[in-house]
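User: I'd like to talk through this one at the bench. Can you take me through a residue and then the interface?

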Amino acid sequence: MQKTEILESLREAYGEELAALGEKNRDIVVLDADLSSSTKTDIFGKKFPERFYNMGIAEQSMVTAAAGLSLAGKTVFASTFAVFLSNTYNVIRQSVCYNEVPVNFVVTHAGISLGEDGPTHQILEDVGIMSGLPNMKVIVPVDSIETRRVIDYLAVKKKNPYYVRLTREKFPVLNEESYEFKEGKSVTFRDGNDITIMAYGIMVSFALKAAEALKSKNIDARVINMSSIKPIDRDAIIKAARDTGKIVTAEEHSIYNGLGSRVSEIVSEEYPVPVKRIGMPDIFGKSGKGMELFDYFHIGISDIEKITENFYREEFK
Amino acid sequence: MEAYSLNDLKPLAKEVRKKIIEMVYTAKSGHPGGSLSITDVLTVLYFKEMNIDPKNPSDPNRDILVMSKGHASPALYAVLSLRGYFSEDLLSGFRNKNSDLEGHVHRGIPGVESSTGSLGQGLGVAIGFALAAKLDHNPKRIYAILGDGEMEEGNIWESMLAASKYHLDNLTAIVDRNMIQLDGFTENIMPLGDISEKARAFGWNTIIINGHDFNEIINAIETAKSVKNRPTMIVANTVKGKGVSYMENNPKYHGAPPKNEEEYIRALNDIEAM
């Protein structure tokens, strides 16, 4: 963990990978809703203008057209900011999920790390919204490398729609170039048997740093990347419950309906152990520097460290 | 492909109307009004105009129809079964838990291209089909059937902008202008005014027809095929509940079946006498 931290943009990785895939796969079409220079689908759009549709500030139109293109056999990627895709919940529900068409929604600028644009844009409920839809699968890549592998995976036409959640900020690269994404599988980044921290997105990096700090307090924390939120790696959750007896979840999302909820549900059913959820407590975000807001909302590295330590030392009857 | 002539259409449409009444009466639920108003348009499309083969419903060259007003499922299901996509016997299962004929248009049924029911989505889906056909240089035609009340949905107008931007001359939208929605008359609930004029302002070619006149329906669909660079919107002036005297122009029958045996028989007799 002591090697120099490399930061890379997940959305740039998305745009570049999509453009590279478009070369080989002529069935790929891409839609955006006037945010292509931010979501980075413009890289594809400039290379393949005939297969790129800028639908304007009209997300419902984008989603329905994406559904139609997918029904017609195309491999479809549709992008906008996470918050704006949620404008179209019932359109996704009927025209995509109920229709059983494999539209790939790759959204960017999710969560508080979006920063200065503030609470109107910082969606913190989307993982829950999308996970609740039948047929929909939900992936939150942890870094630029996982983003590329997820996009490669989705470029081979699937049966289901996917929601891939990306962010604005550059995040530390955690995976090796050889990493291969496996749907429904988690990746253990740090082994440990005292307590488990399950996280996705930037919170995995934070958890790893918190785990390093906990080491000096003789707490050996396991840190797992739960990028595949739906389907989720039940086995890894149950194993963590058995091995470590307590689980902390950490997510850049509301504590409702996200990873914390899923982990709690699964351990309740399979192997009840105490779970501590770290996330946004049913509140909106705040304008500010994206990476400073985690400390502001007490979900930063030192908060994860403190909460995990206290939770570890807490006695449950 | 079987060839149907103009003379076949009238008896076929009668048959469709009877099936609609039978379906909603058997189910004791459903939407007869908007099914009866769009019957003639659907009959023309499926029996005369569309390039389709019920024996090969996934033919990549087939014409596509998206029934955006998904509550008119009885009309679409009746037409599809009479056209040979599935057995007419299945119609009696409409809205029954043991049947695939869901209350609103459901994609699992042979011949159905997209699930609909929550309004305002079908035009956008049709646009997706039309974009794909353009990309593939496939001359197939794409149709979207819209309700007039449905045009109050914002997605319709977003999609109209998109169809115009992409010069989708392979797309024809047909509006079932029956002037009635669930709560009452469209011009009282949310005035739509001159839909054709609005569509023209959005860059569409428009045609206004009597939606119960087979010749006018055929001519409008044929004209749309020859228009270049623009999508066409056909505003079909129709009568909600067409063919059943007590249902005609009565908002009550937007979503209610014949109340009793007497109303049921009267409906079938009215249709027979058309």
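**His109(A) and the A–B interface**

Analyst: Sure. This is a predicted model. His109(A) sits in the loop that runs between strand E5 (104-107) and helix H7 (126-131) of chain A.

User: Is His109(A) buried or exposed?
Analyst: The cut-off for buried is under 20% relative accessible area. His109(A) comes out at 5% relative accessibility, so it counts as buried.

User: Which residue's side chain does the His109(A) side chain join in a polar contact?
Analyst: Leaving out residues up to four places away in sequence, His109(A) touches several others, including Arg11(A), Phe81(A), His121(A) and Leu166(A). The polar contact between side chains, at 2.8 Å, is with a residue outside that list: Thr108(A).

User: On to the interface: how much area is buried between chain A and chain B?
Analyst: In contact terms, 27 residues of chain A meet 25 residues of chain B. Carbon and sulfur atoms give 54% of the buried area. The total is about 2,100 Å².

User: Which side chains meet in a salt bridge across the interface?
Analyst: The rule finds one salt bridge between chain A and chain B. Its N to O distance is 2.5 Å, and the partners are Lys74(A) and Asp136(B).

User: And which element gives the most to the side of chain A that touches chain B?
Analyst: Strand E3 (52-54), helix H4 (59-71) and helix H6 (89-98) of chain A each give two or more residues to that side. With nine residues, the top contributor is H4(A).

User: How many residues on that side of chain A are nonpolar?
Analyst: Nine are polar and five charged. The nonpolar count is 13.

Key:
Residues are numbered from 1 along each chain as its sequence is written. Chains are lettered from A and ligands numbered from 1 in the order in which they are written. This is a predicted model: local features need pLDDT of at least 70, side-chain atom pairs count only at pLDDT 80 or more; totals for chains, interfaces and linings use all residues. Side-chain values use heavy atoms; hydrogens and water are left out. Contact means heavy atoms within 4.5 Å. Buried area is the accessible area (1.4 Å probe) that two parts lose on being put together, summed over both. A salt bridge is a side-chain nitrogen of Lys or Arg within 4 Å of a carboxyl oxygen of Asp or Glu. Helices (H or I, at least four residues) and strands (E, at least two) are DSSP runs, numbered from the N terminus. Ala, Val, Leu, Ile, Met, Phe, Trp, Tyr, Cys and Pro count as nonpolar, Asp, Glu, Lys and Arg as charged, and the others, Gly among them, as polar. Buried means under 20% relative accessible area, exposed over 50%, partly exposed in between (1.4 Å probe, protein chains only). A polar contact is a pair of N or O atoms within 3.5 Å; within protein, one must be able to donate a hydrogen and the other to accept it, and residues adjacent in sequence count only if both atoms are side-chain atoms.
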